[in-house]
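Visitor: I'd like a close look at a single part of this protein. Could you walk me through one helix, with the packing around that helix and the pockets beside that helix?

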Amino acid sequence: MDVRQLARSPQTRVGLLTFACFSLGSTGWLLWFYHLTDLVSPPAADALTRVGGYLVQAAGLGTFALACHARGPSRLRPLALAAIVAFAICLAPAGLASGLAPTLDFGLLANALCGLFQGYYLLCMAHHVEKDRRGLTFGTAYAASTIVSWLLATLGDGFLTRGAQGIAVCGALAIGAAIT
């Protein structure tokens, strides 16, 4: 397979979508978590984001599955795009609000939306990537995303995952996820 064929392959396109969405979700989660540590103790922020955040992500994924059943898998791209945009919008109050309630509310809502777009890239993986290439595609996208998120969280002592600059980074990642 030459480079042009590889670039146009469903495996590459879905891998890039998975990479973009996971990078967006991870970086948005870090933005929310770091802001919460300014409002509550780090162990409390950890519990709120890992327990509450992951529970509502699972609810978002379940909602996506219900939508898939009701609408059919071929009609869900608009829902995924809306979830990406709404996720990026929710990150502003989740990462900048001065009070705990809006930080929690918008952070949890963002996590539910993250579950929706996670459902979309998993659906794309199942429908468009050959069965024997799914593990490689998924693993490569997640590994690359984890490295990118780690770099963003460590460069400049986490400068790119906090405050307005973190929201700008997430905005750029959202654009990447939306156009992939």
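Guide: What follows is a tour of α5, its helix neighbours and the two pockets that it helps to line.

Keep in mind that this is a predicted model. The helix runs from residue 100 to residue 128, and I'll take its partners one at a time. Two packed helices are described by the angle between their axes and the distance between the axes, so those two values open each stop.

Start with α3, which covers residues 42-71. The axes of α3 and α5 come within 7 Å, crossing at roughly 45°. That angle makes α3 oblique to α5, and the crossing is right-handed. Who touches whom? From α3 you get L48, G52, G53, V56, Q57, G60, L61, T63, F64 and C68. They meet L104, L108, N111, A112, C114, G115, L116, Q118, G119, Y120, L122 and L123 of α5. Sorted by class, this contact holds 13 nonpolar and 9 polar residues, with no charged ones. If you're scanning for glycines, the α3 side includes G52, G53 and G60, while the α5 side includes G115 and G119.

Next comes α4, residues 77-96. Here the axes are 8 Å apart and the packing angle is about 155°. The two helices are therefore roughly antiparallel to each other, and α4 passes α5 in a left-handed crossing. On the α4 side, the contact is made by R77, L79, A80, A83, I84, A86, F87, C90, L91, P93 and A94. Facing them from α5 are P102, T103, F106, G107, L109, A110, L113, C114, L116, F117 and Y120. The class count reads 19 nonpolar, 2 polar and 1 charged. C114, L116 and Y120 of α5 are named in this contact, and they also appear in the contact with α3.

The third partner is α2, spanning residues 10-39. Its axis lies 10 Å from that of α5, and the angle is about 165°. That makes α2 roughly antiparallel to α5, again with a left-handed crossing. By class, you'll find 19 nonpolar and 7 polar residues in the contact of α2 with α5, and no charged ones.

Now for the pockets, since α5 helps to line both. The largest pocket holds about 260 Å³ of space. Its lining has 14 residues, and those closest to the centre are F22, G25, S26, W29 and Y54. Two or more lining residues come from each of α2, α3, α5 and α6 (134-154). The biggest share is from α2, with 6 residues. In class terms, the lining has 8 nonpolar, 6 polar and no charged residues.

The second largest pocket has about 210 Å³ of space. Lining it are P10, R13, V14, L17, R77, Y120, C124, H128 and T180. Both α2 and α5 supply at least two of these residues, and α2 gives the most, with 4. Unlike the lining of the largest pocket, which has no charged residues, this lining has 2, alongside 5 nonpolar and 2 polar.

Two residues are worth picking out before you go. Y120 lines the second largest pocket, and Y120 is also in the contacts of α5 with α3 and with α4. R77 is another lining residue of that pocket, and R77 sits on the α4 side of the contact with α5.

Terms used. Residues numbered from 1 in each chain as written. Predicted model: local features only at pLDDT ≥ 70, side-chain atom pairs only at ≥ 80, totals over all residues. Heavy atoms only, no water. 1 Å grid on protein atoms, 1.4 Å probe; cavity = no way out; pocket = protein on both sides within 12 Å on 5 of 7 lines; lining within 4 Å. Points joined across faces, edges and corners; volume = space filled by probe spheres on them. Nonpolar A, V, L, I, M, F, W, Y, C, P; charged D, E, K, R; others polar. Axes fitted to C-alpha atoms, helices over the stretch in contact; angles between N-to-C directions. Parallel < 35°, antiparallel > 145°, perpendicular 65-115°, else oblique. Left-handed = near helix turned anticlockwise from the far one by under 90°. Contact = heavy atoms within 4.5 Å.
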